[in-house]
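I opened a new notebook page for this chain. I wanted a plain record of what I looked up, entry by entry.

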Amino acid sequence: MIKALYVGADYKSLPQLSGTDVRAEYVQNGMIALSAVQTQGFDCIIIEDQLPLMTPVQLIKELISIDSTVPVIATIRSK
């Protein structure tokens with residue numbers, strides 16, 4: 001099982017995860033994502049291209065400073 005953190009406006013943007021061996025935890029913005037990464041373990045992080053409170057680039061820099069071993073596997077286009 002892969003545990004992914006999905007950061008974005010709408011969890012429904014990832015319907016292809018249904019029925020797979022990926023368990024995605026959804027958070028709405030970068031600030032919540034930073035908190036989640038500090039308290040939980042994730043195998044990967046998926047980030048939308050538009051986020052409230054901080055840009056994806058800012059979030060990625062913060063995530064790397066917390067744990068550089070967790071890959072950001074995709075930045076997806078939000079609707």
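My entries follow, starting with the whole chain and then going residue by residue.

**Entry 1: the whole chain.** I noted at the start that this is a predicted model. I looked up the secondary structure and found 2 helices and 4 strands. Reading from the N terminus, I wrote the order down as β-β-α-β-α-β. The chain has 79 residues, and 38% of them are buried. I then turned to contacts with a separation of 6 or more. Residues 24 or more positions apart account for 60% of these. I also looked for aromatic pairs, and the structure holds 1.

**Entry 2: Lys-3.** I found Lys-3 in strand 1, which covers residues 2-7. Which side chain of opposite charge is nearest to Lys-3? I looked it up, and it is Glu-25, 4.5 Å away. Lys-3 is buried, yet it has no salt bridge. The cut-off for a salt bridge is 4 Å, so the 4.5 Å to Glu-25 does not qualify.

I went on to see what else lies around Lys-3. Its side chain makes a polar contact of 3.3 Å with the side chain of Gln-40. Lys-3 also lies over the face of Phe-42, and I noted 4.9 Å to the ring centre. I left aside neighbours within four places in sequence and listed the contacts of Lys-3. They are Arg-23, Glu-25, Gln-40, Gly-41, Phe-42, Asp-43 and Cys-44. One more distance went into the notebook. The C-alpha atoms of Lys-3 and Ala-24 are 5.9 Å apart, while 21 residues separate the two along the chain.

**Entry 3: Ala-9.** I moved on to the loop between strand 1 and strand 2 (22-27), where Ala-9 lies. Is Ala-9 buried or exposed? I read a relative accessible area of 60%, so Ala-9 is exposed. Beyond its neighbours within four places in sequence, Ala-9 is in contact with Tyr-26 and Glu-48. I also checked Ala-9 against Ile-47, which is 38 residues away along the chain. Their C-alpha atoms are separated by 9.8 Å.

**Entry 4: Asn-29.** I located Asn-29 in the loop between strand 2 and helix 1 (30-39). Its relative accessibility is 11%, so I entered Asn-29 as buried. Which backbone nitrogens does the side chain of Asn-29 reach? I found the backbone nitrogen of Met-31 at 3.0 Å. The backbone nitrogen of Ile-32 is reached at 3.0 Å as well. Leaving aside neighbours within four places in sequence, I listed Val-7, Pro-52 and Leu-53 as contacts of Asn-29.

**Entry 5: Leu-53.** That contact list of Asn-29 led me to Leu-53. I found Leu-53 in the loop between strand 3 (44-48) and helix 2 (56-66). I looked up its backbone angle next. Leu-53 has a positive phi of about 80 degrees, although it is not a glycine. I added a reminder that most residues other than glycine have a negative phi. Leu-53 has a relative accessible area of 65%, so I marked it as exposed.

**Entry 6: looking back.** I put two loop residues side by side. Asn-29 is buried, whereas Leu-53 is exposed. Asn-29 and Leu-53 are nevertheless in contact.

Methods: Residues numbered from 1 in each chain as written. Predicted model: local features only at pLDDT ≥ 70, side-chain atom pairs only at ≥ 80, totals over all residues. Heavy atoms only, no water. Buried < 20%, exposed > 50% of the residue type's maximum accessible area, 1.4 Å probe, protein only. Lys, Arg positive; Asp, Glu negative; His and termini not counted. Polar contact = N/O pair within 3.5 Å; in protein donor to acceptor, adjacent residues only side chain to side chain. Contact = heavy atoms within 4.5 Å. Phe/Tyr/Trp six-rings, centres within 6.5 Å; stacked < 30°, edge-to-face > 60°. Lys NZ or Arg CZ within 6 Å of the ring centre and 35° of its normal.
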